[in-house]
Amino acid sequence: MDLNTIDTILRPNARADLPDWQDGDACLAGGTWLFSEPQPTTRRLVDLASLGWSPHAVDPDGLTLAATCTIAQLDRLELPSNWIAAPLVGQCCRALLGSFKIWNVATVGGNLCMALPAGPMTALTAALEATCVIWASDGGERRLPVTEFVLGPQRNALRPGEILRSVIIPAAALTRRTAFRRISLSPNGRSGALLIGTRESDGAFALTVTASIRKPLRLAFAGLPDRRELARALDAAIPDDLWYDDVHGKPEWRAHMTRHLAEEIRDALADEAAA
């Protein structure tokens, strides 16, 4: 879609070239949402792709993803063999239902900043305890866990003038066993519930809930909970007004499927440990 309110496009080559923020500004990464509907209040675009960030970096401390890393670049990434959580990357990439054109444009940072409940990059990074690196407008930097960055549907923790620079996934999280479950109302529909379980070598278990609720939730347990304990923890952590309600699923259905998928994940990781 043409954005006929835009009168300026800036392409900074370095952080020092970033402009002072003003009303009507918008950051352009992939633009798959930005160009999908009218943006009547937007007057100026700041093209982050011109900054030339390397899409990803792997080192002993973990995986760093630039905010401008595309879904296609992430999906093609080869990770160390001891990072047994690696299949989760592809599973979450495929939860972003779109053509190859979308995959080659849509970005990790854009998916996080949009903060839609069904955002699969939110699910991936929240489950792996990732940290958002944020460039502040005063030249500084601050960091937030993904679970504190995504605040609700189309609400994130960025302040005026701030930019999401990158997301850091710790190596320890990538060595955990994982289980992934997703459901939607139709084969090619938006996620109605997307849950990820992780289990460490010492038996610690965590369950991350997204899509069915308005913002990501990660529940951690010292050991594998039984079914009743897991159900009680979900009920205690998710009040009625946190369940998401839109055309892709009613709250009652989302709640039922969340509990069902949570049990499947718990059982899958219990069986894997026993084996």
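What volume does the largest pocket have? In this predicted model, local features need pLDDT of at least 70 and side-chain atom pairs count only at pLDDT 80 or more, while totals for chains, interfaces and linings use all residues. Residues are numbered from 1 along each chain as its sequence is written, and side-chain values use heavy atoms, with hydrogens and water left out.

The largest pocket comes out at about 1,400 Å³. Here a pocket is an open set of points, on a 1 Å grid over the protein atoms alone, with protein on both sides within 12 Å along at least five of seven lines. A volume is the space filled by probe spheres set on the points, which are joined across faces, edges and corners. It takes 48 residues to line the largest pocket, and Trp-33, Gly-110, Asn-111, Cys-113 and Met-114 sit nearest its centre. Lining residues are those with an atom within 4 Å of a point. Helix 4 (108-114) is one of the elements that supply at least two of them, and with five residues helix 4 gives the most. Helices are DSSP runs (H or I, at least four residues), numbered from the N terminus.

Next comes the second largest pocket, at about 230 Å³. Its lining includes Arg-15, Asp-20, Trp-21 and Trp-135.

What about closed-off space? There is one cavity of 30 Å³ or more, a cavity being a set of points where a 1.4 Å probe fits but cannot get out. About 40 Å³ of space lies inside the largest cavity, and among the residues lining it are Leu-116, Val-150, Arg-214 and Lys-215.

Notes
Helices (H or I, at least four residues) and strands (E, at least two) are DSSP runs, numbered from the N terminus.
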